[in-house]
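Work through the exercises below with the sequence and the structure at hand. Try each task before you read its solution.

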Amino acid sequence: QAYNECSLRFMGQPGLRVFDLRKDGKVFTSRLRSKRGGPLVGVANANYPVEVVFAKKAFKLTTQPKTGQRFTPTQFKPLRLFRGSGIAAENFTPSQYKYINFRCIRMYFTEYQTLAEDGSTVISNVFNNRKEDNCVVFRVRHS
(Lines give C-alpha, C1' and ligand atoms only; values in the text may rest on other atoms or scores of the structure.)
Protein backbone atom coordinates (compact mmCIF):
# COMPACT_ATOMS: atom_id res chain seq x y z
CA GLN A 1 0.00 0.00 0.00
CA ALA A 2 2.82 2.46 0.80
CA TYR A 3 4.19 1.96 -2.72
CA ASN A 4 0.85 2.99 -4.23
CA GLU A 5 0.79 6.21 -2.17
CA CYS A 6 4.06 7.51 -3.63
CA SER A 7 4.40 9.29 -6.98
CA LEU A 8 8.00 8.22 -7.67
CA ARG A 9 9.57 4.92 -8.67
CA PHE A 10 12.87 3.60 -9.98
CA MET A 11 13.88 3.04 -13.60
CA GLY A 12 13.49 -0.50 -14.85
CA GLN A 13 10.74 -2.86 -13.87
CA PRO A 14 7.64 -1.22 -12.39
CA GLY A 15 6.44 -2.15 -8.93
CA LEU A 16 8.11 -2.45 -5.56
CA ARG A 17 11.82 -3.00 -6.21
CA VAL A 18 14.35 -4.86 -4.07
CA PHE A 19 17.92 -3.55 -4.07
CA ASP A 20 21.13 -4.99 -2.66
CA LEU A 21 22.84 -2.61 -0.25
CA ARG A 22 26.37 -1.52 -1.11
CA LYS A 23 28.99 -1.24 1.60
CA ASP A 24 30.86 1.63 -0.02
CA GLY A 25 28.27 4.41 0.46
CA LYS A 26 27.58 4.69 -3.26
CA VAL A 27 24.19 4.63 -4.98
CA PHE A 28 22.64 1.16 -4.89
CA THR A 29 19.40 1.87 -6.79
CA SER A 30 18.57 2.72 -10.36
CA ARG A 31 17.58 6.30 -11.25
CA LEU A 32 14.40 7.84 -9.85
CA ARG A 33 11.49 8.84 -12.10
CA SER A 34 7.81 9.66 -11.94
CA LYS A 35 5.38 6.72 -11.82
CA ARG A 36 3.06 8.49 -14.21
CA GLY A 37 5.43 8.07 -17.13
CA GLY A 38 6.76 11.51 -16.41
CA PRO A 39 10.25 12.88 -16.19
CA LEU A 40 13.40 11.65 -14.54
CA VAL A 41 14.33 13.06 -11.14
CA GLY A 42 17.46 15.19 -11.07
CA VAL A 43 19.05 16.61 -7.93
CA ALA A 44 16.86 15.58 -4.98
CA ASN A 45 16.76 16.52 -1.29
CA ALA A 46 15.23 14.47 1.49
CA ASN A 47 15.22 16.43 4.72
CA TYR A 48 13.17 13.94 6.73
CA PRO A 49 14.19 10.64 8.30
CA VAL A 50 13.16 7.71 6.16
CA GLU A 51 10.47 5.35 7.39
CA VAL A 52 10.34 1.61 7.80
CA VAL A 53 6.91 0.42 6.72
CA PHE A 54 5.24 -2.54 8.45
CA ALA A 55 1.90 -3.55 6.94
CA LYS A 56 -0.15 -0.35 7.38
CA LYS A 57 2.07 1.39 9.94
CA ALA A 58 5.23 3.37 9.35
CA PHE A 59 7.97 4.24 11.83
CA LYS A 60 10.87 6.64 11.47
CA LEU A 61 14.02 4.63 10.99
CA THR A 62 15.85 6.73 13.57
CA THR A 63 13.40 5.78 16.34
CA GLN A 64 13.42 2.03 16.75
CA PRO A 65 13.52 1.75 20.56
CA LYS A 66 12.44 -1.88 20.86
CA THR A 67 15.18 -3.13 18.55
CA GLY A 68 18.07 -1.37 20.25
CA GLN A 69 19.21 -0.16 16.82
CA ARG A 70 20.27 3.42 16.25
CA PHE A 71 20.16 4.77 12.71
CA THR A 72 21.17 8.25 11.58
CA PRO A 73 18.65 10.55 9.85
CA THR A 74 20.81 10.25 6.72
CA GLN A 75 21.16 6.47 6.82
CA PHE A 76 19.54 6.50 3.37
CA LYS A 77 20.01 9.56 1.18
CA PRO A 78 19.56 10.67 -2.42
CA LEU A 79 22.73 11.11 -4.44
CA ARG A 80 23.26 12.53 -7.89
CA LEU A 81 23.93 10.12 -10.72
CA PHE A 82 24.80 10.91 -14.31
CA ARG A 83 21.55 12.40 -15.60
CA GLY A 84 19.45 11.56 -12.56
CA SER A 85 19.47 10.64 -8.88
CA GLY A 86 19.41 7.38 -6.94
CA ILE A 87 19.56 6.30 -3.30
CA ALA A 88 22.72 5.57 -1.31
CA ALA A 89 23.19 4.39 2.26
CA GLU A 90 25.67 4.96 5.02
CA ASN A 91 27.49 1.96 6.46
CA PHE A 92 25.54 -0.38 8.72
CA THR A 93 26.68 -2.40 11.70
CA PRO A 94 26.09 -6.18 11.45
CA SER A 95 23.04 -5.93 13.73
CA GLN A 96 21.66 -3.02 11.67
CA TYR A 97 22.06 -5.13 8.52
CA LYS A 98 20.11 -7.90 10.19
CA TYR A 99 17.33 -5.51 11.23
CA ILE A 100 17.03 -3.71 7.89
CA ASN A 101 17.25 -6.84 5.71
CA PHE A 102 14.25 -7.05 3.36
CA ARG A 103 12.45 -4.18 5.09
CA CYS A 104 10.25 -1.80 3.15
CA ILE A 105 11.70 1.74 3.18
CA ARG A 106 9.82 4.96 2.33
CA MET A 107 11.74 8.15 1.58
CA TYR A 108 10.04 11.55 1.19
CA PHE A 109 11.60 14.32 -0.90
CA THR A 110 11.35 17.98 0.07
CA GLU A 111 12.52 19.17 -3.33
CA TYR A 112 13.78 17.78 -6.60
CA GLN A 113 14.37 18.65 -10.21
CA THR A 114 12.48 17.11 -13.09
CA LEU A 115 14.63 16.34 -16.13
CA ALA A 116 13.99 15.87 -19.83
CA GLU A 117 13.81 12.21 -20.90
CA ASP A 118 17.47 12.17 -21.93
CA GLY A 119 18.38 13.64 -18.52
CA SER A 120 20.29 16.56 -19.99
CA THR A 121 17.91 19.48 -19.29
CA VAL A 122 16.14 20.63 -16.13
CA ILE A 123 12.41 21.06 -16.82
CA SER A 124 11.31 22.31 -13.41
CA ASN A 125 12.04 22.42 -9.70
CA VAL A 126 9.48 20.78 -7.40
CA PHE A 127 9.16 22.05 -3.82
CA ASN A 128 6.80 20.22 -1.50
CA ASN A 129 6.10 19.22 2.04
CA ARG A 130 6.02 15.79 3.63
CA LYS A 131 2.25 15.44 3.37
CA GLU A 132 2.44 15.24 -0.40
CA ASP A 133 3.04 12.04 -2.33
CA ASN A 134 6.59 12.94 -3.43
CA CYS A 135 8.15 9.79 -2.07
CA VAL A 136 9.54 6.45 -3.17
CA VAL A 137 9.25 3.02 -1.57
CA PHE A 138 11.73 0.15 -1.94
CA ARG A 139 13.05 -2.91 -0.13
CA VAL A 140 16.68 -3.51 0.75
CA ARG A 141 18.64 -6.67 1.33
CA HIS A 142 22.24 -7.45 2.03
CA SER A 143 24.29 -10.40 0.97
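The exercises that follow deal with cysteines and with backbone angles.

This is a predicted model, in which local features need pLDDT of at least 70 and side-chain atom pairs count only at pLDDT 80 or more, while totals for chains, interfaces and linings use all residues. Residues are numbered from 1 along each chain as its sequence is written, and side-chain values use heavy atoms, with hydrogens and water left out.

**Exercise 1.** Find the disulfide, a pair of cysteine sulfur atoms within 2.5 Å, and describe its surroundings.

*Solution.* Begin with the sulfur atoms: Cys6 and Cys135 are joined at an S to S distance of 2.0 Å, and the count comes to 1 disulfide. Next, place the partners: Cys6 lies in the loop between α1 (2–5) and β1 (8–10) and Cys135 in strand β12 (residues 135–141), so the bond ties together parts that are 129 residues apart in sequence. Here helices (H or I, at least four residues) and strands (E, at least two) are DSSP runs, numbered from the N terminus. Then take the torsion about the S-S bond of Cys6 and Cys135, which is about -100°, so the disulfide is left-handed.

**Exercise 2.** Explain why Cys104 is not bonded to Cys6.

*Solution.* The closest cysteine sulfur to that of Cys104 is in Cys6, and at 9.0 Å it is too far for a bond.

**Exercise 3.** Examine the phi angle and the accessibility of Arg83.

*Solution.* Most residues other than glycine have a negative phi. Arg83, although not a glycine, has a positive phi of about 60°, and its place is in the loop between β7 (76–81) and β8 (84–89). With a relative accessible area of 32%, Arg83 is partly exposed, where buried means under 20%, exposed over 50%, and partly exposed in between (1.4 Å probe, protein chains only).
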